[in-house]
Amino acid sequence: MSSPIRFDDVHRRFGARAVLRGLSFRVQPGEVYALLGRNGAGKTTAMRILLGFLAPMHGRSELLGVDSRALTPDVRERVGLVSEGHALYRWMTVDEVLRFEAGTRTRFDLTKAQTLRARLGLDPRAKVATLSRGQRAQLALLAATCGAPEVLVLDDPAMGLDPVVRRDLLGVMIDLLADTGTSVLFSTHILSDVERIADRVGILHDGRLIVDATLDDLKRRVEVRFVRDGAASELERDVPRCLRAAPRAGGHDLFLVDVADDTRRALANLAATERQGAVPSLEDLFVELTADDRNAAPDAAEVTR
Amino acid sequence: MRLRVDPTSPEPIFEQLVFRVKEAIAQGSLAGGDRLPSVRELARDASINPNTVARAYEALEAEGVIVRRQGSGCFVTEKGSALATSERKRRLDALVQRLVTEGFHLGFGARELRDALAERLSATPLPPRRDS
């Protein structure tokens, strides 16, 4: 089966601001892909282009094998979407939202939706306007997942939700994945959720992916060493496979990817030492790779394989 | 049985799961013939991706630790590792070598290492294996 989601060298600017500058990646069938990036990095833009709501200025994207600019209603029906802020008609009741979905989507499973609705404790007669953020997020995800989507696109579904509600949301997603092997593309700020649920992680920075790797690979391939001497820019230049030299009290932490003999030699010359927890958390890595004082990402500093 | 994983640990979640299952069997909280939770149950319970659980179960099955029975789930095998004796011996040697090396660098001598291993074995008696 071909990749249900594909980006090939997608560029998009808004006025003078280039938001995407050559975004390329794929999501495989059944894969859960987490798209990370700081605010304004272009995550929402990428999703809007994928769904055909916005045209790329260069390059192309495909959804279920169809060019995003030529999506037909029957392709759209195979896609579930939860947008930022969970767009729902505020005057509808919970029950009406679900019936509305059932009426507009032939694949929608109303019985399953009602069962899940009850399990989550959502009152069918409550108006959307009176629901909490968390309840709205649950309802939006429910509506998206009960349409038996082959691809699910979630734009920051956990934004503003407390940990308990987020766990429930993850539960709904896990059930969906276990049932059907749906491909999922989601963006989020909650990196611990990513570590639980993602198969693959992409970090969007300066309009491109500077990381595109499975989570397991990332954990295996990235290490941290501490050195006392040298300036950050020199270290980043002189140590092979150094993603980033991050200032730390009395020296720098070197974030290294795929350490090989050339790296080891350079480290020996610098009298680098192991640091406790030599493997950085996803959060450490994210913060260091996307920090503001970092110059435009040099091509060498990528984990995209 | 609850299998705990730490998603923030540098160790990949599926490796953690593989080890947790092996540990549970070695400590006797899981025995030959016991049924493991389904992929979905475990994914739900630990809030992790079902793909990850499925991958861990595949790895355990490939090593002969568990067996999948069509339609009824995954079970702990009755007779232990399906690996060839030579391969089992090779892996054990590698583990012992690692223990000796790391132990040495922690500043322990041969006697202390022997004692530590003996102490661990008497503190956690291994459940009997049917074929050994």
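**Exercise 1. Determine how far apart the two domains of chain A lie, and describe the contact between them.**

*Solution.* In this predicted model, the C-alpha centres of domain 1 and domain 2 of chain A are 36 Å apart. The domain assignment places residues 28–55 + 72–205 of chain A in domain 1 and residues 216–304 in domain 2. The next step is to examine the contact, to which domain 1 of chain A contributes eight residues and domain 2 of chain A seven residues. On the side of domain 1, the elements that give two or more residues are helix H7 (191–197) and strand E9 (200–205) of chain A. By character, the residues on this side of domain 1 are five nonpolar, one polar and two charged.

**Exercise 2. State where the domains of chain B lie and what distance separates their centres.**

*Solution.* In chain B, the domain assignment gives domain 1 as 13–76 and domain 2 as 85–123. Taken over C-alpha atoms, the centres of these two domains of chain B are separated by 27 Å. A further distance can be read from Gly71(B) and Thr85(B), which stand 14 residues apart along the chain and whose C-alpha atoms are 31 Å apart. Gly71(B) belongs to the loop between strands E1 (66–69) and E2 (73–76) of chain B. Gly71(B) counts as exposed, because it has 5 C-beta neighbours inside 10 Å.

**Exercise 3. Identify which element of chain A gives the most to the side that touches chain B.**

*Solution.* The contact involves 18 residues of chain A and 14 residues of chain B. On the side of chain A, at least two residues each come from H6, H7 and helix H8 (215–221). Of the elements on this side, H6(A) gives the most, with seven residues. The residues of chain A on this side divide into seven nonpolar, four polar and seven charged.

**Exercise 4. Work out how helix H6 of chain A and helix H2 of chain B are oriented towards each other.**

*Solution.* Helix H6 (residues 163–180) of chain A packs against helix H2 (residues 39–46) of chain B at an angle of about 160 degrees, and their axes are 9 Å apart. An angle over 145 degrees counts as roughly antiparallel, so this description applies to H6(A) and H2(B). The crossing of H6(A) past H2(B) is right-handed. From H6(A), the residues Gly171(A), Ile174(A), Asp175(A) and Ala178(A) meet Val39(B), Arg40(B), Ala43(B) and Arg44(B) of H2(B). Together, the residues of this contact comprise four nonpolar, one polar and three charged.

**Exercise 5. Decide whether helix H1 of chain A is largely enclosed or largely open.**

*Solution.* Helix H1 (residues 43–50) of chain A has eight residues, and six of them are buried, so the helix is largely enclosed by the rest of the structure. The buried residues are Lys43(A), Thr45(A), Ala46(A), Met47(A), Ile49(A) and Leu50(A). After H1(A) comes Gly52(A), which has a positive phi near 80 degrees.

**Exercise 6. Establish where Asp9(A) and Asp156(A) are placed, and whether each is buried, partly exposed or exposed.**

*Solution.* Asp9(A), although not a glycine, has a positive phi of about 50 degrees. Asp9(A) is in strand E1 (residues 5–14) of chain A, and counts as partly exposed because it has 15 C-beta neighbours inside 10 Å. Asp156(A), also a residue other than glycine, has a positive phi near 45 degrees. The place of Asp156(A) is the loop between strand E7 (151–155) and H6 of chain A. A residue is buried if 20 or more other C-beta atoms lie within 10 Å of its own; Asp156(A) has 22 such neighbours and therefore counts as buried.

Technical notes
Residues numbered from 1 in each chain as written. Chains lettered and ligands numbered in written order. Predicted model: local features only at pLDDT ≥ 70, side-chain atom pairs only at ≥ 80, totals over all residues. Axes fitted to C-alpha atoms, helices over the stretch in contact; angles between N-to-C directions. Helix = DSSP H or I, 4+ residues; strand = E, 2+ residues; numbered from the N terminus. Parallel < 35°, antiparallel > 145°, perpendicular 65-115°, else oblique. Left-handed = near helix turned anticlockwise from the far one by under 90°. Contact = placed C-beta atoms within 7 Å. Nonpolar A, V, L, I, M, F, W, Y, C, P; charged D, E, K, R; others polar. Buried ≥ 20, exposed ≤ 12 C-beta atoms within 10 Å, placed from the backbone. Domains from an automatic or database assignment.
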